[in-house]
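Reader: Hey, got a minute to walk me through this one? I'm new to reading structures.

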Amino acid sequence: MKVLIVGAGIAGLMTAYCLKQAGHDVTIIEKSPSLRTDGYVIDFFGSGYDAFEKMGLLEELDKIQIPIKTMRYENLDGKLRFTLDYNLMRKRLKNRLHSVLRSDLEKLLFEKIKNNVPIYFNCTVNAVIQTIDKVHVTLSDDKQESFDLLVGADGVHSGIRNMVFAQDDTCLEEMGYEVAAFLVKDNPVFCQKETVISINLPNKTIITFPMDKETYAAFFMWKVDTKLKKTDNLNVLLNQIFAGYHERLDSIFTHAIPSSYYHDALLQVKLPTWSQGRIVLVGDSCQAVSLLAGQGASMAVAGAYCLVEALKQYPISSALLNYENRVKPNIDEIQHIAWRMAKWFIPASATGLIIRDTLTRILMTPFIFPLFKNYFVSKSIISPK
Ligand SMILES: Cc1cc2nc3c(=O)[nH]c(=O)nc-3n(C[C@H](O)[C@H](O)[C@H](O)COP(=O)(O)OP(=O)(O)OC[C@H]3O[C@@H](n4cnc5c(N)ncnc54)[C@H](O)[C@@H]3O)c2cc1C
C-alpha cells in the first residue's frame with residue numbers, strides 16, 4: 001500500500017515506523033524545515049510504553065531516559081514544602097514510566113526510519129481529492145501525487161482535519177489554561193541533579209526538569225486571564241504573568257534559550273469520526289488530550305500502533321473503523337482525567353494548594369495509590385507482551 005503521512009511528530013514517525021515494518025511504501029511530508037527542537041520533557045508510560053515494547057523499541061527508550069529521583073515541591077524562595085520519591089512513583093507503575101525530552105523521542109523514531117522512508121521538509125498539502133480507490137494530493141510545491149491512504153498526523157492545529165473533517169471552532173475545546181515551555185542554560189539554581197522542582201502560585205505552576213549540569217527544561221502553566229494585554233511575544237506575556245514575584249523565578253527568563261520556545265493554549269480535540277474514506281487522523285490531530293493528562297505522546301504512539309495493527313488484519317474501511325473503536329473510548333476517558341488534573345496541577349487558591357499537597361502525599365503511600373490509580377491513569381489499550 002502506498003501511504004502519505006502528513007506531519008513528522010511522534011504520531012507521524014511512529015505510524016511510519018509501524019507501516020514500514022508491515023511492508024508498506026511510506027512517504028512523510030513535514031511543514032517545518034527540520035525536526036522540531038522545542039524544549040519540554042514528557043512522562044512516557046501506559047499504552048504508548050506498551051506499544052514501544054511490542055515494536056522492540058524499549059532498549060532505545062532506555063538510552064534517552066532522563067534520570068529523575070526526586071520531585072521537590074518548593075516555595076518561591078526555594079524553601080522545601082515536601083518531596084516525592086520519583087522512583088517510588090515509577091515503582092507504582094511497575095517501572096514502566098520514562099521521562100524523556102519530546103524531541104529525543106522524535107529523534108529516536110526518526111533514526112529508525114530515516115534510511116527507508118523519504119521525508120520531505122518544508123512541505124505541506126494544498127489540496128486533497130478522494131476517488132473510490134485513491135487519494136489525490138497537491139503538495140505545496142505544486143507536485144501532484146496519488147496514494148492508497150493519507151494519514152493526517154499534523155498535530156492539534158491539523159490542516160488535514162480542517163480541510164477534510166471539521167473547522168477548529170467545532171472540534172477544538174479550550175480548557176482555559178495556557179502553557180509555555182523552553183530550555184534554560186547556565187542557571188544553577190534549578191539545575192539540581194536528578195530533581196524535578198515544582199513551584200505553585202494560585203492559578204500558576206512552574207516545573208523544572210534537569211537535563212545536565214547546566215541545562216534544564218522549564219514549563220509554565222497558568223489560567224487564562226482576559227485582563228492581560230494581548231501579545232504574540234512570549235517574553236512579554238510571561239513577564240506580565242510571572243515576573244516580579246521573586247528573583248529566583250525571574251532568573252529563569254534571563255537564561256532561557258529562545259530557539260526552544262513552545263507556547264499554546266491547553267486544548268482537547270473532540271471529533272465525531274477519525275476517518276473519511278481513505279483519509280485518517282492519528283495523534284493530537286484527532287485525539288489531543290492536553291498535557292494535563294500526561295498521556296498525549298503515549299496515546300499518539302499507541303494510536304499509530306493500533307492503526308497499523310488494524311490495517312494488517314482488515315481492508316482499509318474496516319481497519320480505520322476498528323482503529324477508531326479501539327482507541328477513541330480510551331481517549332474520551334483520558335480527556336476526563338485531564339479536566340480532573342487541571343485542579344491538581346494548577347490549584348486556584350492558597351487553600352487549594354495546601355489541600356492538593358496533603359492529598360498528593362497521602363496518595364503516594366503504598367496502600368492508597370492502587371485504590372485511586374484509575375483516577376489519574378487510564379488502563380492500557382495494548383495487551384502486554
Ligand atoms: C509542555 C508539554 C508537556 C507534555 N507532557 C506530556 C507528557 O508528560 N506525557 C505525554 O504523553 N504527553 C505530553 N504532552 C503531549 C505531547 O507532547 C503531544 O500529545 C504529542 O507530542 C503529540 O504528537 P503528534 O505527533 O500528534 O503532534 P505534534 O507533536 O504536534 O506533531 C505534528 C507535526 O506535524 C507538523 N505539521 C503541522 N501542520 C502541518 C502541515 N499542515 N503539513 C505538514 N506538517 C505539519 C508539525 O510541524 C509537527 O512536526 C505534553 C505537551 C506539552 C506541550
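Reader: Okay, so how do the axes of helix H1 and helix H5 cross, and at what angle?
Author: Keep in mind that this is a predicted model. In it, the axes of H1 (residues 10-21) and H5 (residues 102-113) come within 9 Å and cross at roughly 30 degrees.

Reader: What do you call that, parallel or antiparallel?
Author: Angles under 35 degrees count as roughly parallel, so H1 and H5 are roughly parallel to each other.

Reader: And which hand does the crossing have, left or right?
Author: H1 passes H5 in a left-handed crossing.

Reader: Which residues make the contact?
Author: From H1 you get Ile10, Leu13, Met14, Ala16, Tyr17 and Lys20. H5 brings Leu105, Glu106, Leu109, Phe110, Lys112 and Ile113.

Reader: How many of those are nonpolar, polar or charged?
Author: The contact of H1 with H5 has nine nonpolar residues and three charged ones, with no polar residues.

Reader: Cool, switching to strands. In what order do the three strands of the open sheet come?
Author: The order is S8-S9-S10, and the pairing is antiparallel.

Reader: Which ones are the edge strands?
Author: Those are S8 (125-130) and S10 (144-147), each pairing on one side only.

Reader: How much are neighbouring strands turned against each other?
Author: On average by 25 degrees, ignoring direction.

Reader: Last bit: how many bridges join S9 to S10?
Author: Four bridges join S9 (residues 135-139) to S10, and the two run antiparallel.

Reader: And what stands opposite Val135?
Author: That's Phe147, in S10.

Notes
Residues are numbered from 1 along each chain as its sequence is written. This is a predicted model: local features need pLDDT of at least 70, side-chain atom pairs count only at pLDDT 80 or more; totals for chains, interfaces and linings use all residues. Axes are lines fitted to C-alpha atoms, for helices over the stretch in contact, and angles run from 0 to 180 degrees between N-to-C directions. Angles under 35 degrees count as roughly parallel, over 145 as roughly antiparallel, 65 to 115 as roughly perpendicular and the rest as oblique. A crossing is left-handed if the near helix is turned anticlockwise from the far one by less than a right angle, and right-handed if clockwise. Two residues are in contact if their C-beta atoms, placed from the backbone, lie within 7 Å. Ala, Val, Leu, Ile, Met, Phe, Trp, Tyr, Cys and Pro count as nonpolar, Asp, Glu, Lys and Arg as charged, and the others, Gly among them, as polar. Two strands pair if DSSP finds at least two bridges between them.
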